[in-house]
Amino acid sequence: MITNPAAKIYSSIDALPEIKSRKEKTSSTSGMMSPLLKKSNMSSNKNNIEKEPAFIVAKIQQRIKKDRQEIKDMRNAT
Amino acid sequence: MQPNEQSFDRPIPGMSLTHELGARPWQQPADIPNVDDAAEYYITQIADDTFAKNLIHTMKTGVPLTTIANSLQLTGVMEGKHSVDVGILMIPVIMETMMLIGDAAGVDYDTGLADNKELDQNVVTTATIGKLLQSEADNKDMMEPVQEQSVQEVQDEPVIENTGLMSRRT
């Protein structure tokens, strides 16, 4: 079987949907009960995903790709 | 190299055991343990003027970017810069950075991604089956005269009668 791991890993990472930067939500609740009312579980799960190496790589790759597209558009415009 | 050719440029089995454990750089803890730092390392290295010039020159010769990216990350592993898994994860970053340099320089480059699309699995399967059938047919052609000859030889062999005291009686 003929395989090209570099092409496969690139295609896999490139096929991922765009990762948008998450807005920092300020806590609307205040008072003594506010720590209990926070959706801490959901945010902690998201934070865990964001710490995954593949996620970090996808984010970096998308950022470079965006810059590349801008350069391409600029070259096409001129 | 053609896809059906067998490569002999490989390590000999047991080659990794010819040195003491820990004597090789990749058997030591990696210099760069995480992907953030590894990405920074590669982007800085690729963005270097000398490297970029050489890279553009290589791109012009038609070497696929997948091959260059794979070689770069493999060198990093061999030098003990990072582990194998970090190296594999670095491939998209390295490729994208190289494409950025190529686009900025206005070079037509080969990404090496088109091969997978063009090389349909059915084509490979058909080719393999065809080759097997061909080799089987060749083998049959080779075998048939040999069989005939061996039968002929058996028929032509003179019957030697056993003589002597220790010979088996029939």
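## Exercises: salt bridges and a helix pair

At 9% relative accessibility, B:Asp103 counts as buried. The model is predicted.

**Exercise 1.** Find the salt-bridge partner of B:Asp103, and say whether that partner is buried or exposed.

*Solution.* Start with the side chain of B:Asp103. It forms a salt bridge with A:Arg68 (3.1 Å, N to O). This pair crosses between chains: B:Asp103 is in helix H4 of chain B, A:Arg68 in helix H4 of chain A. Now check the partner. A:Arg68 has a relative accessible area of 6%; the cut-off for buried is under 20%. So A:Arg68 is buried.

**Exercise 2.** Which residues make up the salt-bridge network around A:Arg68?

*Solution.* Look for a further partner. A:Arg68 also meets B:Glu96 through side chains (2.6 Å, N to O). B:Glu96 lies in helix H4 (residues 84-105) of chain B. Both A:Arg68 and B:Glu96 are buried. The network therefore links A:Arg68, B:Glu96 and B:Asp103.

**Exercise 3.** What does the salt bridge between A:Lys65 and A:Asp14 tie together?

*Solution.* The side chains meet at 2.7 Å, N to O. A:Lys65 is in helix H4 of chain A and A:Asp14 in helix H1 (residues 5-14) of chain A, so the bridge joins parts 51 residues apart in sequence. A:Lys65 is partly exposed, at 25%. A:Asp14 is partly exposed too, at 27%.

**Exercise 4.** Describe how H4(A) packs on H1(B).

*Solution.* Take the angle: about 30°, with axes 9 Å apart. Angles under 35 degrees count as roughly parallel, so these helices are roughly parallel. The crossing is right-handed. The contact has eight nonpolar, no polar and one charged residues.

Methods. Residues numbered from 1 in each chain as written. Chains lettered and ligands numbered in written order. Predicted model: local features only at pLDDT ≥ 70, side-chain atom pairs only at ≥ 80, totals over all residues. Heavy atoms only, no water. Axes fitted to C-alpha atoms, helices over the stretch in contact; angles between N-to-C directions. Helix = DSSP H or I, 4+ residues; strand = E, 2+ residues; numbered from the N terminus. Parallel < 35°, antiparallel > 145°, perpendicular 65-115°, else oblique. Left-handed = near helix turned anticlockwise from the far one by under 90°. Nonpolar A, V, L, I, M, F, W, Y, C, P; charged D, E, K, R; others polar. Salt bridge = Lys/Arg side-chain N within 4 Å of Asp/Glu carboxyl O. Buried < 20%, exposed > 50% of the residue type's maximum accessible area, 1.4 Å probe, protein only.
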